[in-house]
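Trainee: I should like to work through this structure with you, beginning with one residue and moving outward to the whole chain. May we take the questions in turn?

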Amino acid sequence: MPVRMVQPGDESLDCPALKQQIEANRAAAEDFVRRDKQVQNQNIAKNVGSVIPFVGLLLVSSTDLSNEEQIKGRALVDRDERLTFLAKQKGCEIPK
């Protein structure tokens, strides 16, 4: 389940809590991007192998068509935009 962009209690977060959440979300988003890249690379390899008779059918049927990592990663990026906006409003130092 992707993380929601706006969550209850966001307005009451102080600067250290905002900074911690932003940093944690960025790390998690980077992980999702890495996993998505691995899925793409595996799919490419499976599809290249699909030209081999008989074995190719098995490889094509095992291709991962899920974009779950992309959705979760994008949700974290959106959440960070919201948290960064709140941090700016509160005059917090924003992690780069």
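**From one arginine to the whole chain**

Mentor: Let us begin with Arg-82, which is found in helix H3, residues 68-89. The model is a predicted one.

Trainee: Is Arg-82 buried or exposed?

Mentor: The cut-off for burial is a relative accessible area under 20%. Arg-82 has a relative accessibility of 18%, so Arg-82 counts as buried.

Trainee: Leaving aside neighbours within four places in sequence, which residues is Arg-82 in contact with?

Mentor: Contact here means heavy atoms within 4.5 Å. With neighbours within four places in sequence set aside, the contacts of Arg-82 are Met-5, Val-6, Asp-10 and Glu-11.

Trainee: What span does H3 reach from its first C-alpha to its last?

Mentor: H3 has 22 residues, and 32 Å is expected for it at 1.5 Å a residue. The span in the model is close to that expectation, at 32 Å.

Trainee: Which residues of H3 are buried?

Mentor: Arg-82 is one of the buried residues of H3. In sequence order, the buried residues of the helix are Glu-69, Lys-72, Gly-73, Ala-75, Leu-76, Arg-79, Asp-80, Arg-82, Leu-83, Thr-84, Leu-86 and Ala-87.

Trainee: Which residue with a positive phi follows H3?

Mentor: The phi in question is near 75 degrees. The residue that follows H3 with this value is Gly-91.

Trainee: Which cysteines does the disulfide join?

Mentor: A search of the whole structure finds one disulfide. Its S to S distance is 1.9 Å, and the two residues joined are Cys-15 and Cys-92.

Trainee: How many residues apart in sequence are the parts that this pair ties together?

Mentor: Cys-15 lies in helix H1, residues 15-49, whereas Cys-92 lies in the segment after H3. The pair therefore ties together parts whose separation in sequence is 77 residues.

Trainee: What is the handedness of the disulfide?

Mentor: The torsion about the S-S bond of Cys-15 and Cys-92 is about -80 degrees. The disulfide is therefore left-handed.

Trainee: Which of the two cysteines counts as buried?

Mentor: Cys-15 has a relative accessible area of 30% and is partly exposed. Its partner has a relative accessibility of 9%, so the one that counts as buried is Cys-92.

Trainee: Which element gives the largest share of the largest nonpolar core?

Mentor: That core has seven residues in all: Leu-13, Leu-18, Ile-22, Leu-83, Leu-86, Ala-87 and Cys-92. The elements that give two or more residues to this core are H1 and H3. The largest share, three residues, comes from H3.

Trainee: How many helices and strands are there in the protein chain?

Mentor: From the N terminus on, the elements run α-α-α. The count is three helices and zero strands.

Trainee: What percentage of contacts between residues at least 6 apart in sequence join residues at least 24 apart?

Mentor: The disulfide pair, Cys-15 and Cys-92, ties together parts 77 residues apart. Across the protein chain, among contacts between residues at least 6 apart, the share joining residues at least 24 apart is 79%.

Trainee: Which element has the lowest mean pLDDT?

Mentor: The protein chain has a mean pLDDT of 76, and 70% of its residues reach 70 or more. H3 has the highest mean pLDDT of the elements, 87, while the lowest, 43, belongs to helix H2, residues 55-61.

Trainee: Over which residues is the pLDDT below 50?

Mentor: Where pLDDT is low, the predicted coordinates should not be read in detail. The stretch in question has 12 contacts in the model beyond near neighbours in sequence, and it covers residues 49-65.

Key
Residues are numbered from 1 along each chain as its sequence is written. This is a predicted model: local features need pLDDT of at least 70, side-chain atom pairs count only at pLDDT 80 or more; totals for chains, interfaces and linings use all residues. Side-chain values use heavy atoms; hydrogens and water are left out. Helices (H or I, at least four residues) and strands (E, at least two) are DSSP runs, numbered from the N terminus. Buried means under 20% relative accessible area, exposed over 50%, partly exposed in between (1.4 Å probe, protein chains only). pLDDT is the predictor's confidence in each residue, from 0 to 100. The expected span of a helix is 1.5 Å times one less than its number of residues. A disulfide is a pair of cysteine sulfur atoms within 2.5 Å. A nonpolar core is a set of buried Ala, Val, Leu, Ile, Met, Phe, Trp, Tyr and Cys residues joined through side-chain atoms within 4.5 Å.
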